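Trainee: Could you take me through this model feature by feature, giving the general idea before the particular case?

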Amino acid sequence: MEKKLRSPRSPSSARARHRKKSTEAFPDVMKLSENALLLNDQNKYKSMWVRTYSSVWMLLCFILVVYLGHIYLWGMIVIIQILMTSELFNLLRRAHEDKRLPGFRLLNWHFFFTAMLYVYGRILGQQIMHAVTPEKIFYKLATSFMKYQMVICYFLYIAGFMWFILTLKKKMYKYQFSQYAWTHMILIVVFTQSSFTAANIFEGIFWFLLPASLIAINDVAAYFFGFFFGKTPLIKISPRKTWEGFIGASVATVISAFFIANVLGHYQWLTCPRRDLSTSWLECDPGPLFKPEIFVLPTEIAQWLPWKEILILPVQWHALCLGLFASVIAPFGGFFASGFKRAFKIKDFGGSIPGHGGFTDRMDCQMVMAVFAYIYHQSFVIPQYYPVEILMEQILRSLNLEEQELLFAKLKEVIDGRHLQH
């Protein structure tokens, strides 16, 4: 009887202890000592230099791509999109199951490129039409593709759906369906961000570069304010984030937005929209948003300054809204990613960028910001009517040459009739 009483705990209790321990892989922020914050991290200077070195290289490469123009920027977005998708595809894969499912990974990439064809075909439709001349056969191919793009993409997806059903294997249904759902969630998250980003680029590099820069500034400022002053934890799911870093970064981001918009707004290469797929230099009417206006300083401020009025660009007021969103709302994209990593007990989504993790770790806040920048631009910046350029693009895309000639003749009759009435 005594042996029974002193015998080891049952296997079920051991498994329970194991489960309890595994869920605590990331300790609660309230139980963390102050050493968990960057302010008291003994290895913080080493990690800071690694992070800084990687950031400088990323910045130099980014500046080069911006200089090359819209097409190269879009290409960079596509490459980052592929790398992010690869990181997320590999996150929940199990090698043992994959070996028993030949071609299953290829199926996931089939869905990826189908989504890419659908999203970018719709976003870059007008650029594709302008890239070919009406006299060539490529124009007819492009016209047919744009007309039947939805049908093509739909049947490509159906082919992938049938492929998935035909590859189902007994005792592996749960893994296969979980991977199928995970693939679709990845496509929604990644393509939502990248599609809006591409749309912003072709509306003018300014509308891509400013939001992206504000996220980078906010991230760097939050790191350094937390590095030197951080003492108060901000949120449980991201223990090293502090209120000092959050507030300091918010102020720095909003102020930076106002001045960066003024600098970027003086370059036509950044403000002109791209209506084709060429790399030629851009010239356009900058529009009222990018034309300097005199702003009279309030008396309370002017009395402390040597000047009473300054020249600003109207777009700088819009930049303040973008800066406010980038500093207050966009960081929640990073908090979401932190919570996601905690749920799956991983430190980073990948290790492609020393000191930063993977590309997904760097793009978490950019996803939220890109969508907001596009919605803000469409709602508050562009005019709420259809300018002649957009109507012409619709005509060229939707009508063949004979229909365009008929439309021209009808318009000429209407215009001539109005001239006779006057």
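Mentor: We will go from the overall make-up to helix packing, the core, the strands and a few single residues, bearing in mind that this is a predicted model.

Trainee: Where should the overall reading begin, and how many helices and strands are there in the protein?

Mentor: A count of secondary-structure elements is a plain starting point, and here the protein has 18 helices and 4 strands. Burial and contact range can then be added to that count: of the 422 residues, 38% are buried, and among the contacts between residues at least 6 apart in sequence, 73% join residues that are at least 24 apart.

Trainee: How do I read the packing of two helices, and at what angle do helix 9 and helix 10 pack?

Mentor: One looks at the angle, then at the distance between the axes, and then at the residues that meet. Helix 9, covering residues 173–203, packs against helix 10, covering residues 205–229, at an angle of about 125°, and their axes are 4 Å apart. Angles of 65 to 115 degrees count as roughly perpendicular and those over 145 as roughly antiparallel, and the two helices are therefore oblique to each other. On the side of helix 9 the contact involves Thr197, Asn200, Ile201 and Glu203, which meet Ile205, Trp207 and Phe208 of helix 10. Sorted by class, the residues of this contact are 4 nonpolar, 2 polar and 1 charged.

Trainee: Which residues have the most contacts inside the largest nonpolar core?

Mentor: The largest nonpolar core contains 69 residues, and those with the most contacts inside it are Leu73, Phe191, Phe206, Trp207, Leu210 and Val315. Helix 9 gives the most to this core, contributing 10 residues. Trp207 deserves a separate look, since it appears both in the contact between helix 9 and helix 10 and in that list of core residues. Once its neighbours within four places in sequence are left aside, Trp207 is in contact with Asn200, Leu289, Phe290, Val315, Leu322, Ala373, His377 and Val381.

Trainee: Within helix 16, is Gln366 buried or exposed?

Mentor: The chemical class of a side chain does not replace a look at its accessible area. Gln366 lies in helix 16, and because its relative accessibility is 15%, it counts as buried. Beyond its neighbours within four places in sequence, Gln366 is in contact with Gln193, Pro211, Ala212, Ile215 and Ala216. Ile375 is also placed in helix 16, which spans residues 359–381, but Ile375 is partly exposed, with a relative accessible area of 45%. The C-alpha atoms of Ile375 and Phe196 are separated by 8.8 Å, although these residues are 179 apart along the chain.

Trainee: In what sense do strand 1 and strand 2 pair?

Mentor: For a strand pair one asks about direction, bridges and the connection. Strand 1, residues 233–235, and strand 2, residues 238–242, pair in the antiparallel sense over 2 bridges, and Ile235 has Ser238 in strand 2 as its bridge partner. The connection from strand 1 to strand 2 is a hairpin of 2 residues. Lys236 sits in the loop between these strands and is partly exposed, with a relative accessible area of 49%. Its C-alpha atom is separated by 9.8 Å from that of Ser338, which is 102 residues away along the chain.

Trainee: What does Phe295 contact in turn?

Mentor: In general, side chains in a regular strand alternate between the two faces of the sheet. Phe295 lies in strand 3, residues 293–296, and is partly exposed at 28% relative accessible area. Apart from its neighbours within four places in sequence, Phe295 is in contact with Lys308, Glu309, Ile310, Ile312 and Trp317, and its C-alpha atom is separated by 5.3 Å from that of Ile310, 15 residues apart along the chain.

Trainee: Which backbone angle should I note at Lys171?

Mentor: Lys171 has a positive phi of about 70° although it is not a glycine. Lys171 is found in the loop between helix 8, residues 137–166, and helix 9, where its 79% relative accessibility makes it count as exposed.

Notes: Residues numbered from 1 in each chain as written. Predicted model: local features only at pLDDT ≥ 70, side-chain atom pairs only at ≥ 80, totals over all residues. Heavy atoms only, no water. Axes fitted to C-alpha atoms, helices over the stretch in contact; angles between N-to-C directions. Parallel < 35°, antiparallel > 145°, perpendicular 65-115°, else oblique. Contact = heavy atoms within 4.5 Å. Nonpolar A, V, L, I, M, F, W, Y, C, P; charged D, E, K, R; others polar. Pairing = 2+ DSSP bridges. Core = buried A, V, L, I, M, F, W, Y, C linked by side-chain atoms within 4.5 Å. Buried < 20%, exposed > 50% of the residue type's maximum accessible area, 1.4 Å probe, protein only.
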